[in-house]
Amino acid sequence: MPQPASTVDAALTEPAGATTAKPRKVPRVVVLGGGTVGLYTARRLRKRLGGREAAIVVVDPRPYMTYAPFLPETAAGSIDARNVVAPHRRALKGADVLQGKVTHIEHAKRRVEITPEAGDPYWISYDHLVVGLGSVARTLPIPGLAEQGIGFKNVEEAIALRNHVLNRIDVASSTWDPELRRKLLTFVFVGGGFAGVEALAEVEDMARYAVRHYKQIEPEELRFVLVEGSRRILPEVNEELGGYTLEQLRKRNIEIHLSTFLSSCVDGHVVLSTGIEFDADTLVWTAGVRANPVLADSDLPLDKLGRVTCNEYLQVVDAEGHVVPDAYAAGDCAAVPDLYNPGQFCPPNAQHALREGNHLGDNLARALRSAELEPYKHKNIGAVASLGMYKGVAQMFGKIKVRGFLAWVLHRSYHVAAMPTFNRKLRIAAGWTGSLLLRREVVALGSLHDPRAEFRAASVPAARPVAPPAVSPAVPPAVPAPEKPAAS
Ligand SMILES: Cc1cc2nc3c(=O)[nH]c(=O)nc-3n(C[C@H](O)[C@H](O)[C@H](O)COP(=O)(O)OP(=O)(O)OC[C@H]3O[C@@H](n4cnc5c(N)ncnc54)[C@H](O)[C@@H]3O)c2cc1C
């Protein structure tokens, strides 16, 4: 029978076969995912309701929420990786946090299965469900992609990319094989949306800064390539700002292939749909997202894109629009109607996820107090992007277009204000102040990704285990002990 791990509060778990939950005095709200939606919903709900009105349980395999808009700057080293995450245990005071993956959702039975990193899966039951499971990278069956590609969705990938790029520069500086050098110093980004363009621009800026410290590498040897399937980049801003960004990136010698697809990248040999071929040791995949696939393993209603279908109150609804009782969803994994653009859904971004999270917390508090729910309504306030140190592009309230240094300042100010917890805001601002005075640090800590490698290499292979004596000491050994060689 599945058993809770010792760190899990046994009162939260149910035996595997349990079909009905025991009646509870305090209704239990289970929040799936402790990301933007999960964290903000749980915090708002806790603020609105006391411990006797609702028990809150947040489930996530990671012990922290990641503020993804800062990942490009994390990869560039402008923000310390620890400061773009909000640790659940600190940020979710008054809620129980379970570390593990949700692997099944049976809403009809009001229960979810959780698979912890170690130990057996277990079920927990609930009275109300909040789904904030976010999205995963949308990949395609391109030869070589699974083996060569790096995603850019979480902080682990951002740190890995930074170390990898700096490490490739280190390795290239110590080889004179021209073909190998070219391959090591070629960096390909696939996907020209916000995440891809910001990641590319920030990492390129960092790499160019880093090579100033390498006598053996000329800046022109760095080759950054962006591959985008549509005819423009940054669909989140208007054509003019998208065009401006394109021009800025091209001025920095970044190669941009529009209306082009990645056809193959087996062993680092990149082939584009236009027939262009070259070798690259780094391929970053930022070509879109899709709703968390675990939702397919649930009885919640989903749309064609695999998102939970919702109404404007963030309640889950079926295909006919009937409310599924006690279930709510928001963020990247939910199809939430955009009341400012009838017939459309809110785009998957932090701007909406954060506000939907707060709104969901308010609505759930209203529901638990039998008050009337309010519709979620948010007019897009615009988009801001950083393109490296002191460079940026922004479009505010649909009309105001900002470029260069001012846009970069807007980007930093907007996102630091949106970053959860005062502690993190302060740390990020302090880090920026420090790097203005001390310049940025560009060192690859490659061994972070395999910290046991050196120890493994130094380890003496263990002798084969010796079987314990099969007979008691009173019985003479079956095989006589080898004789001592005679002294010559
Ligand atoms: C590189 C990058 C840059 C971005 N830049 C911007 C930007 O500039 N502006 C903007 O508005 N938006 C931006 N976004 C988008 C924005 O970050 C997302 O839209 C937003 O975070 C979505 O919030 P969410 O709560 O739906 O998902 P998330 O914040 O991703 O949270 C999902 C949570 O679910 C957890 N989870 C996953 N699987 C399971 C499971 N099986 N069981 C339990 N928990 C699980 C995850 O660990 C995570 O904590 C960016 C995204 C990326 C990747």
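**A ligand between two domains**

Good morning. In this predicted model, the shell around the ligand comprises 18 nonpolar, 11 polar and 5 charged residues. Of the 34 residues around the ligand, those that come nearest are G33, G35, A68, G134 and G331.

Where does the ligand lie with respect to domain 1 and domain 2? Domain 1 spans 10–61 + 100–137 + 290–368, and domain 2 spans 145–287 + 382–438; both give residues to the shell, so the ligand lies between them. Several secondary structure elements each supply at least two residues of that shell: the helices α1 (36–48), α7 (194–211) and α9 (350–368), together with the strands β3 (55–60) and β7 (101–106).

I turn now to the fold. The protein chain has 12 helices and 27 strands, and buried residues make up 41% of its 488 residues. Among contacts between residues at least 6 apart in sequence, 68% join residues at least 24 apart.

One open sheet deserves a description. Its 5 strands pair in parallel, in the order β12-β19-β13-β14-β15. The edges are formed by β12 (149–151) and β15 (255–257); each has a single partner strand, so one side of each is left without a neighbour in the sheet. On average, neighbouring strands of this sheet are turned by 25° against each other, direction ignored.

Within the sheet, β13 (residues 186–190) and β19 (residues 282–285) run parallel and are joined by 4 bridges. Here V188 stands opposite L283 in β19. Helix α7 packs on the sheet, where it touches β13, β14 (223–227) and β19, and its direction makes about 175° with that of β14. This same α7 supplies at least two residues of the ligand shell.

Thank you.

Terms used:
Residues are numbered from 1 along each chain as its sequence is written. This is a predicted model: local features need pLDDT of at least 70, side-chain atom pairs count only at pLDDT 80 or more; totals for chains, interfaces and linings use all residues. A residue is near a molecule or strand if its C-beta atom, placed from the backbone, lies within 6 Å of it. Ala, Val, Leu, Ile, Met, Phe, Trp, Tyr, Cys and Pro count as nonpolar, Asp, Glu, Lys and Arg as charged, and the others, Gly among them, as polar. Domain bounds come from an automatic or database domain assignment. A residue is buried if 20 or more other C-beta atoms lie within 10 Å of its own, exposed if 12 or fewer, and partly exposed in between; C-beta atoms are placed from the backbone. Two residues are in contact if their C-beta atoms, placed from the backbone, lie within 7 Å. Two strands pair if DSSP finds at least two bridges between them. Axes are lines fitted to C-alpha atoms, for helices over the stretch in contact, and angles run from 0 to 180 degrees between N-to-C directions.
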